[in-house]
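Biologist: I should like to learn how to read a model of this kind, feature by feature. Please begin once the structure is before us.

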Amino acid sequence: LERQRGDLSEGQLMWFGESGVTKQDPSTSEKICDADIARIAGELPVWQIVAQNLGMGSQEITDIEINHRDEADRRNAFLRKWIVKDGSAATYEKLCDVLMTLNQQGAAERIAQRN
């Protein structure tokens with residue numbers, strides 16, 4: 001990550017990662033925390049495509065669709081499964097990079113901004 005001074009107030013820094021997403025701090029390399037799953041799930045576009053790009057197989061995706069009726073529950077279940085499967089590699093940055101690859105910059109920026 002690079003830090004640069006932009007149009008922010010004195011002393012504030014913007015962070016620019018490989019994905020190009022601006023961040024308030026470099027914490028996007030941290031593992032996604034359980035408390036943030038619902039917020040992130042609400043920002044996801046078509047979660048199945050995101051899941052595939054994060055290495056989840058078609059059977060895993062089908063199992064989530066069968067076992068969870070509501071789309072919000074499916075997005076939450078997908079995130080929880082990915083976090084368990086990838087462990088410490090399930091980071092905000094990795095998710096944002098996939099979203100950027102899928103031309104979902106707005107979602108990536110909202111996920112990177114943890115308040």
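Modeller: Let us take Lysine 81 as the point of entry; Lysine 81 is part of helix α4, which spans residues 71-86. Please bear in mind throughout that this is a predicted model.

Biologist: Is lysine 81 buried, exposed or partly exposed?

Modeller: The relative accessibility of lysine 81 is 36%, so this residue counts as partly exposed; the class in between lies from 20% to 50%.

Biologist: Which residues does lysine 81 touch, leaving aside those up to four places away in sequence?

Modeller: Lysine 81 touches Met56, Glu60 and Ile64. In addition, the C-alpha atoms of lysine 81 and alanine 51 are 9.8 Å apart in space, with their positions 30 residues apart in sequence.

Biologist: Before we go further, how far may the model be trusted, and what is the average pLDDT of the protein?

Modeller: The average pLDDT is 80, and 73% of the residues score at least 70. Over residues 1-16, however, the pLDDT is below 50, although the model gives this stretch 35 contacts beyond near neighbours in sequence. Residues 21-26 also stay under 50 in pLDDT, and the model has 26 contacts for them beyond four places in sequence.

Biologist: What is the overall order of the secondary structure elements?

Modeller: There are six helices and three strands, and from the N terminus they run β-β-β-α-α-α-α-α-α. The protein has 115 residues, of which 38% count as buried. Among contacts between residues at least 6 apart in sequence, 58% join residues at least 24 apart.

Biologist: How should one describe a pair of packed helices?

Modeller: Two packed helices are described by the angle between their axes and by the distance between those axes. In the case of helix α3 (residues 58-67) and α4, the axes come within 9 Å and cross at roughly 140°. An angle over 145 degrees would count as roughly antiparallel, and α3 and α4 are therefore oblique to each other. Their crossing is right-handed.

Biologist: Which residues make the contact of α3 with α4?

Modeller: From α3 the contributors are Glu60, Ile64 and Glu65, and from α4 they are Arg74, Ala77, Phe78, Lys81 and Lys85. Sorted by class, this contact has three nonpolar, no polar and five charged residues.

Biologist: How do the axes of α5 and α6 cross?

Modeller: The axes of α5 and helix α6 (residues 105-112) come within 8 Å and cross at roughly 165°. That angle makes α5 roughly antiparallel to α6, and the crossing of the two is left-handed. In α5, Tyr92, Leu95, Cys96, Leu99 and Met100 meet Gln105, Ala107, Ala108, Ile111 and Ala112 of α6. This contact of α5 with α6 divides into nine nonpolar, one polar and no charged residues.

Biologist: Which residues of α5 are buried?

Modeller: In general, an α-helix has 3.6 residues a turn, so residues three or four places apart point the same way. In this structure, α5 is mostly covered, with seven of its ten residues buried. The buried residues are Tyr92, Glu93, Leu95, Cys96, Val98, Leu99 and Met100. What covers them includes α1 (37-43), α2 (47-53), α4 and α6.

Biologist: Where does cysteine 96 lie, and is it buried or exposed?

Modeller: Cysteine 96 lies in helix α5 and, at 2% relative accessibility, counts as buried. The C-alpha atoms of cysteine 96 and alanine 108 are 4.6 Å apart, and the two residues are twelve apart in sequence.

Biologist: And what of threonine 91, in the loop between α4 and α5: is threonine 91 buried or exposed?

Modeller: The relative accessibility of threonine 91 is 10%, so threonine 91 counts as buried. Its C-alpha atom is separated by 5.4 Å from that of glutamate 30, although their positions lie 61 residues apart along the chain.

Biologist: What should one look for in the backbone phi values?

Modeller: Most residues other than glycine have a negative phi. Asparagine 103 has a positive phi of about 60° although it is not a glycine. This residue is found in the loop between α5 and α6. With 70% relative accessibility, asparagine 103 counts as exposed.

Definitions and conventions: Residues are numbered from 1 along each chain as its sequence is written. This is a predicted model: local features need pLDDT of at least 70, side-chain atom pairs count only at pLDDT 80 or more; totals for chains, interfaces and linings use all residues. Side-chain values use heavy atoms; hydrogens and water are left out. pLDDT is the predictor's confidence in each residue, from 0 to 100. Contact means heavy atoms within 4.5 Å. Helices (H or I, at least four residues) and strands (E, at least two) are DSSP runs, numbered from the N terminus. Buried means under 20% relative accessible area, exposed over 50%, partly exposed in between (1.4 Å probe, protein chains only). Axes are lines fitted to C-alpha atoms, for helices over the stretch in contact, and angles run from 0 to 180 degrees between N-to-C directions. Angles under 35 degrees count as roughly parallel, over 145 as roughly antiparallel, 65 to 115 as roughly perpendicular and the rest as oblique. A crossing is left-handed if the near helix is turned anticlockwise from the far one by less than a right angle, and right-handed if clockwise. Ala, Val, Leu, Ile, Met, Phe, Trp, Tyr, Cys and Pro count as nonpolar, Asp, Glu, Lys and Arg as charged, and the others, Gly among them, as polar.
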